[in-house]
Amino acid sequence: MSKLLNKPLKAFAIYALLVLACSIPVYYLIVDYIWRNELDEYNQIVRRRIETGLNKLNLNETDWNKTITLWNQTQPGTTIARSPADKPLPDSTYTVMRQDPMHTTEDLERFRGLSAYILIKGKPYHLNVEINVEEAHETVFAIAAVTFVFFIILLAGFVLLNRNIASKIWKPFHSTLDRLKSFDLNSHKNIDLEKSEIEEFEQLNEVLRQLIEKNISVFRQQKEFTENASHELQTPLAVLKSKIDLLMQNETLTEEQSELIASLNLPISRVSRINKNLLLLAKIENQQFAEDEKIDMSELLQQNLEFLEEHLVARNNTVETEIHSDISIRANKSLVEIMLVNLLLNAIRHNPVDGLIKIELTNSRLIISNTGEVALNPQTLFKRFIASSTSTPSSGLGLAIVHEIGNRYGWKVSYTFQEGFHQFSVQF
Amino acid sequence: MKILIIEDEKELAGNIAAYLSDENYLCEFAETFQQAIEKVGAYNYDCILLDLMLPGGDGLRILETLKKENKQDGVIIISAKDSLQDKIAGLQIGADDYLAKPFHLSELAARIYSVIRRKQFGNSNIIRLNELQIDLLAKTVHINQEPVLLTKKEFDLLLLFIGNKNRVLSKSALAEHLSGDIADMLDNHDFVYAHIKNMKKKLVDAGYQNYLKTIYGTGYKWEA
């Protein structure tokens with residue numbers, strides 16, 4: 001994943017590189033053209049100066065010839081010779097590559113030359129003026145070097161500007177992002193998004209505000225619904241339960257009637273339990289257990305085990321424990337306790353008389369196993385209202401709650417059947 | 001003893017009153033927030049049973065009013081809301097106890113008994129019943145001045161019976177009293193027998209007459 005601003009930066013850099021690369025030959029052609037024109041003009045000036053200078057001399061034939069010879073020896077770059085033609089021919093310019101006679105190096109140099117015909121005292125002479133021109137590859141190299149330097153400056157500028165823009169212009173965006181990250185639907189507090197000068201960000205914020213407001217309202221409705229539904233159910237149950245308690249006080253009841261009445265308590269308790277568990281599941285799903293604290297798992301497990309001890313004794317169950325001390329985790333204490341009790345009760349309830357229960361708590365996991373005969377279906381075991389056994393009544397939600405609590409904290413809750421034991425494990 | 005039942009469900013309020021009527025308790029009713037505020041302001045009660053979700057307002061406001069006026073009435077919240085938050089909120093404002101619906105009437109009666117005793121006797125809270133003497137604060141039992149060592153659960157059971165004299169208590173009510181929230185997850189309530197058997201044996205050994213009767217198929221009754 002790359003940052004949004006880096007995408008155009010790359011495109012800009014490539015575009016700038018292309019334009020600058022194309023500019024190199026163009027610059028070269030223009031510089032070379034101007035240079036040649038200037039040198040041609042300069043050669044013309046030299047030619048006029050020589051023509052005027054020589055015409056001013058008053059020499060006889062012998063001295064004149066000596067002067068011409070001497071000139072040709074002492075003035076490199078210019079040569080004067082008698083023209084074979086009677087009349088001056090038109091001037092011409094040329095470019096030539098050859099060794100510089102002034103230098104000892106063998107490198108070829110580029111020269112711009114003027115081949116002109118001048119009249120000295122009425123006689124036509126051929127004058128050749130040459131001047132050194134920078135070679136093409138040297139010019140191209142110089143231009144390319146300068147262009148490259150500018151490209152580097154341009155690129156550095158892009159990167160710096162980009163950073164500057166990113167930190168300034170994107171500030172409201174990052175502020176919005178940070179606030180969204182820290183937003184907790186559970187807190188029921190609307191978030192306060194920073195006002196932005198940039199239209200797009202302000203639009204985004206506005207849409208987010210509406211979305212969050214709607215979410216909070218839906219969440220509140222849902223929460224209220226589960227709570228109200230629970231209340232509405234618990235109240236008639238309370239009436240029913242109190243009626244049974246009253247009815248039991250009746251002294252004219254026969255033993256059979258009393259037994260019937262007393263037996264009503266169990267299904268009522270179960271309906272109430274299912275009701276409570278559904279509410280609990282909704283609350284876990286809605287993340288309404290926010291406050292996490294450090295929990296001493298070893299101690300909590302021991303406490304619950306002591307609390308349930310009598311039920312183990314009643315069924316003549318043996319318990320083997322391997323509980324490491326000082327194992328602590330961060331979670332909501334009520335939820336962890338519910339998880340422990342559900343797992344322990346599950347093991348106690350489904351354990352046969354004289355069975356064995358094994359409890360193991362280490363740093364990384366909790367394993368609770370009980371004696372069993374046939375493996376249960378691990379696919380449906382943690383699903384809601386899918387009873388794995390018909391022998392004992394249950395709310396059908398105990399393991400679903402354990403699973404949900406595991407999900408809440410990212411713990412892996414799993415079931416395996418090993419060597420005659422149902423084994424439930426929670427990996428922290 | 002005057003008790004105010006603030007509860008919008010008439011049937012439930014009526015059942016509570018019927019259960020308590022034999023015990024020398026005089027029950028009054030309030031069905032709405034307004035009625036409750038008026039009664040609480042005008043009279044003093046030994047114990048107030050307070051439902052939180054009332055037509056016309058939140059029951060916790062009534063509790064706040066009571067505390068603001070520095071009234072000494074004992075308050076037991078009876079609510080369908082069974083979350084730790086609600087419990088903590090209620091007890092912090094100053095309720096004496098919190099009981100989640102649905103509950104057994106025997107459980108409620110025992111708690112009313114306990115709240116009233118605490119309000120009336122404060123630091124020297126000792127129940128004397130024939131040859132039995134129970135110190136509620138020290139949680140000790142004496143019979144004919146001789147100490148009887150009961151376990152915590154046996155002591156809790158004894159208090160439940162004392163708070164429900166001459167009432168038939170179901171095994172279900174006893175199990176809930178002992179194991180709280182998880183009682184309904186236990187398939188059989190046989191463990192109740194064990195505790196009662198042990199408690200009875202200890203009391204009888206110490207020279208107590210057998211007040212505790214077994215009602216076959218149903219539960220137990222403390223006759224006094």
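The charged end of B:Arg167 sits over the ring of B:Tyr19, at 4.7 Å from the ring centre. This comes from a predicted model. Work through the exercises below.

**Exercise 1. A charge over a ring**

Find which ring lies under the charged end of A:Lys358, and give the distance to its centre.

Solution.
- Step 1. Start at the charged end of A:Lys358; the ring under it belongs to A:Phe421.
- Step 2. Read the distance to the ring centre: 4.1 Å.
- Step 3. Apply the cut-off for distance, which is within 6 Å of the ring centre. The 4.1 Å for A:Lys358 and A:Phe421 fits it.

**Exercise 2. A salt bridge inside one helix**

Locate A:Arg47 and A:Glu51 and describe how their side chains meet.

Solution.
- Step 1. Place both residues: A:Arg47 and A:Glu51 lie in helix α1 of chain A, residues 6-56.
- Step 2. Check their spacing. They are 4 residues apart, about one turn of the helix.
- Step 3. Name the contact. The side chains of A:Arg47 and A:Glu51 form a salt bridge, 4.0 Å from N to O.
- Step 4. Is A:Arg47 buried or exposed? Its relative accessibility is 12%, and buried means under 20%, so A:Arg47 counts as buried.

**Exercise 3. A salt bridge across chains**

Explain why the pair B:Glu176 and A:Lys241 joins two chains.

Solution.
- Step 1. Start with the contact: B:Glu176 and A:Lys241 form a salt bridge, with the closest N and O atoms 3.0 Å apart.
- Step 2. Now place each partner. B:Glu176 lies in helix α7 of chain B (residues 171-179), and A:Lys241 lies in helix α5 of chain A (residues 199-248), so the pair joins two chains.
- Step 3. Add the surroundings. Both B:Glu176 and A:Lys241 are buried.

**Exercise 4. Two tyrosine rings**

Classify the aromatic pair of B:Tyr193 and B:Tyr220, and say what it ties together.

Solution.
- Step 1. Begin with the total: there are 15 aromatic pairs over all chains.
- Step 2. Take B:Tyr193 and B:Tyr220. Their centres are 6.4 Å apart, with 70° between the planes.
- Step 3. Planes over 60 degrees apart count as edge-to-face, and B:Tyr193 and B:Tyr220 form such a pair.
- Step 4. B:Tyr193 is in helix α8 and B:Tyr220 is in strand β14, both of chain B, so the pair ties together parts 27 residues apart in sequence.
- Step 5. Look at exposure. B:Tyr193 is partly exposed, at 39% relative accessibility. B:Tyr220 is buried, at 4%.

Note on methods: Residues are numbered from 1 along each chain as its sequence is written. Chains are lettered from A and ligands numbered from 1 in the order in which they are written. This is a predicted model: local features need pLDDT of at least 70, side-chain atom pairs count only at pLDDT 80 or more; totals for chains, interfaces and linings use all residues. Side-chain values use heavy atoms; hydrogens and water are left out. Buried means under 20% relative accessible area, exposed over 50%, partly exposed in between (1.4 Å probe, protein chains only). Rings of Phe, Tyr and Trp (its six-membered ring) pair if their centres lie within 6.5 Å; planes under 30 degrees apart count as stacked, over 60 as edge-to-face and the rest as tilted. A charge sits over a ring if NZ of Lys or CZ of Arg is within 6 Å of the ring centre and within 35 degrees of the ring normal.
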